[in-house]
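Here's a quick briefing to read with the viewer open. We'll go through the sheets, then a helix pair, then the nonpolar cores.

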Amino acid sequence: MIGPGGIGKSRLAIETARAAEDLFPDGIYFALLEGVLEPGLLVPTIAYTLGIRDNGEAALEERIAHALAGRRVLIVLDNFEQIVDAAPMLVRLYAAAPQATFLVTSRIVLRIRGEQVYEVGALPTPEGVGAATLDRTLRSSACMLFVDRATAVKPGFAITEENAPDIADICRRLEGLPLAIELAAAKVRMLTPRGIAERLERSLPLLTASVRDMPERHSTMRATIDWSVSLLPDAHRGLLEDLGVFATRFTLEALEALGAGRSWDGAALDCLEALIDASLVNQTEIDGRVVFSLLALVREYALDRLKIAGDADVMRAAHADYYRAFVARTAPQLRGLEQADAVAQLGLELPNLRAAVRHLIYTNRLDDAGDFAWNLLIYWWIAGFFAEVRAWMLELLGKELPITQHTRAVAWFLALWGEMWQRPSEGVVAGLAECVRLFSESGDEDAAAMALAARATARLQLPTPDVTTAERELADAAERQHAVGNTWAEAITEVSRGRLAWLRGVPDDALKRFNRAAEIAEASGDLFTLSVAGNHQARLLLVRGDVDAAEDARVRTLLVSIRLHHEEGIAYGLEGLCAVAAARGDGERAGALSAAAAVIRQRIGVFDAEAFRVHTPQLDAAREADPAAVAAGERQGADLTIGEAIALALPDSDMDALRRSLAEW
């Protein structure tokens with residue numbers, strides 16, 4: 001769908017998706033691109049929308065292709081014009097998953113193979129040039145939109161014989177542009193339709209003339225925003241302009257933090273309420289948090305005005321500084337009891353985090369950018385954003401400007417993370433060794449220990465793994481992490497030590513390491529690592545034939561994964577309990593849980609973890625013993641929701657805990 005800003009492309013895309021729901025039984029996904037300004041971030045954004053974590057272990061394109069294979073899904077990509085250079089990527093994704101459909105909104109044509117263009121037109125206004133009758137006005141969708149929005153801000157407003165000509169005149173002057181009509185309708189709180197029409201008659205031609213270099217409808221839209229803003233007091237107008245620095249959405253706390261020295265300082269809430277009343281700001285609630293947003297065109301307008309006033313750099317710096325402080329304040333929570341809430345807060349602010357780090361790099365505040373990225377290491381891991389962070393760090397290094405040793409180490413560590421898993425080499429091992437040296441020389445022994453553990457892991461990925469050296473380095477890293485009190489890194493390293501012990505055929509030592517990792521994570525409240533450690537515990541217990549202990553471990557980690565909204569962990573949990581059911585002769589339940597886990601795996605693109613699927617021997621044995629029961633279960637499991645699959649997986653005695661864990665799912 002193409003058309004100028006304010007024509008209603010986004011709204012039409014939403015309604016189209018709703019109307020076509022039956023055509024896409026495997027899901028409809030909305031990827032909002034207005035806060036995505038780099039073509040390289042298209043794939044990570046689509047992955048995030050699909051629920052695919054980028055932990056660096058496989059190429060995102062592969063994961064997306066796997067997640068979409070054989071699925072009839074609709075992916076709506078809204079506001080594509082700013083990353084139009086990424087359009088060829090859509091062709092590649094469609095070639096890999098031809099049953100997927102992409103619905104794109106853009107101000108310009110993408111010009112790619114297979115594109116079908118639909119130009120979104122304005123809403124019809126009353127026919128003719130004279131005063132419109134009530135009947136003709138009622139038959140105009142543009143006028144009906146005006147009435148609908150006017151009623152929303154002034155209950156009791158109604159179209160009559162007297163005001164119908166003025167409403168028609170307003171909609172004609174605004175050329176049927178939905179956003180322009182909504183802005184005008186918001187003024188009925190203060191003005192009659194006649195008053196609005198008169199002011200538009202005086203102001204709109206002058207304002208439109210000042211933007212003659214724009215396409216006709218775009219200039220009309222900008223002129224309407226100008227007119228609407230011109231009716232605001234100075235402080236309200238100043239606030240709107242300053243809001244242009246926020247990406248996609250913002251909180252009241254963030255806004256108030258940027259107010260020092262601004263015309264609206266100390267009156268943020270009152271000014272914000274006025275902008276909401278004027279339909280220039282939207283208010284909504286996400287996961288119990290109140291957030292505010294501007295439409296993309298209004299944000300563009302605000303930022304343009306801020307640039308004209310010469311204040312854009314000042315406000316962007318203030319924005320970046322606020323989010324630096326926000327990250328510094330929130331990051332410690334990622335290691336403990338508040339982990340789940342911290343992940344949710346950071347996810348809510350992700351577009352602003354992106355904007356902040358982009359500003360830091362653009363303005364050559366490279367050490368600040370390095371600290372920003374490093375503070376959020378645990379978040380990048382849990383949420384899965386390593387490809388995106390890698391792009392930032394390579395850009396930082398590519399500037400070839402003076403940076404501290406610590407920043408250089410951070411940038412190389414984050415750039416090498418994906419290489420370690422996807423393209424392991426001696427060069428990657430050497431690069432991580434350099435990170436260890438740089439961190440140590442900069443005085444950050446905590447980071448040096450994490451880099452040492454990563455180097456050991458990289459050695460294990462080589463075609464000929466260096467097991468002995470890796471074992472020694474992991475032990476050294478765990479000792480260092482314990483000494484500095486980094487419980488999160490210590491627990492993760494203990495998991496790696498357990499996996500290595502298992503690989504070397506020492507299961508008792510492996511279980512000891514997994515137990516130790518779980519104890520550390522549980523004591524600190526680290527849900528993510530507790531889930532990882534618990535799944536390894538359960539795998540080993542099951543292999544050793546301790547079915548009851550394996551079941552207990554799987555139930556605990558499944559509940560933890562639910563609390564963290566970690567779908568990969570949920571899939572592991574369902575598979576583990578599938579193996580338990582199969583071992584106890586319940587073939588139907590085992591088949592259902594296996595199929596439900598497979599649905600989750602495909603949807604989130606997890607296809608590179610065969611070694612973790614220890615349920616298959618038990619399931620195969622159950623299938624051989626009672627093929628009809630397993631097949632019936634598999635048919636049932638393929639249609640289960642996540643909540644239904646979890647309810648089936650957990651024994652009745654855990655239903656109270658399940659209800660609590662699912663309360664916010």
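**Sheets, a helix contact and cores**

One open sheet is built from three strands in the order S1-S2-S3, with parallel pairing. Keep in mind that this is a predicted model. A second open sheet has three strands too, in the order S4-S6-S5, but its pairing is antiparallel.

**The parallel sheet**

- Strand S1 (28–32) and strand S3 (101–104) are the edge strands, and each of them pairs on one side only.
- On average, neighbouring strands here are turned by 20 degrees against each other, ignoring direction.
- S1 pairs with strand S2 (residues 74–78) in the parallel sense, over five bridges.
- If you want a spot to click on, Tyr-29 stands opposite Ile-75 in S2.
- Helix H1 (residues 9–19) packs on this sheet and touches S1, S2 and S3. The direction of H1 makes about 170 degrees with that of S2.

**The antiparallel sheet**

- At the edges you'll find strand S4 (249–250) and strand S5 (282–286); each has a single partner strand, so one side of each has no neighbour in the sheet.
- S5 and strand S6 (residues 289–293) pair over five bridges in the antiparallel sense.
- Thr-284 sits opposite Val-291 in S6.
- This sheet also has a helix packed on it: H16 (residues 339–348), which touches S4, S5 and S6. The direction of H16 makes about 10 degrees with that of S6.

**Helix H3 against helix H30**

- The axes of H3 (residues 60–68) and H30 (residues 587–604) come within 6 Å and cross at roughly 135 degrees.
- That crossing angle makes H3 oblique to H30, because anything from 35 degrees up to 145 degrees that falls outside the 65 to 115 band counts as oblique.
- From H3, the contact uses His-66, Ala-67 and Leu-68; from H30, it uses Arg-601, Gln-602, Arg-603 and Ile-604.
- By type, the residues in this contact split into three nonpolar, two polar and two charged.

**Nonpolar cores**

- The largest nonpolar core has 164 residues, and Phe-146, Leu-243, Tyr-379 and Phe-413 are the ones with the most contacts inside it.
- What does Leu-243 touch, leaving aside its neighbours within four places in sequence? Leu-243 is in contact with Phe-250, Leu-255, Leu-272, Leu-275, Val-281 and Leu-294.
- There's also a second, separate core of 32 residues, which includes Ala-31, Leu-42, Leu-68 and Ile-83.
- Leu-68 therefore turns up twice in this briefing: in that second core, and in the contact that H3 makes with H30.

Notes
Residues are numbered from 1 along each chain as its sequence is written. This is a predicted model: local features need pLDDT of at least 70, side-chain atom pairs count only at pLDDT 80 or more; totals for chains, interfaces and linings use all residues. Side-chain values use heavy atoms; hydrogens and water are left out. Axes are lines fitted to C-alpha atoms, for helices over the stretch in contact, and angles run from 0 to 180 degrees between N-to-C directions. Helices (H or I, at least four residues) and strands (E, at least two) are DSSP runs, numbered from the N terminus. Contact means heavy atoms within 4.5 Å. Ala, Val, Leu, Ile, Met, Phe, Trp, Tyr, Cys and Pro count as nonpolar, Asp, Glu, Lys and Arg as charged, and the others, Gly among them, as polar. A nonpolar core is a set of buried Ala, Val, Leu, Ile, Met, Phe, Trp, Tyr and Cys residues joined through side-chain atoms within 4.5 Å. Buried means under 20% relative accessible area, exposed over 50%, partly exposed in between (1.4 Å probe, protein chains only). Two strands pair if DSSP finds at least two bridges between them.
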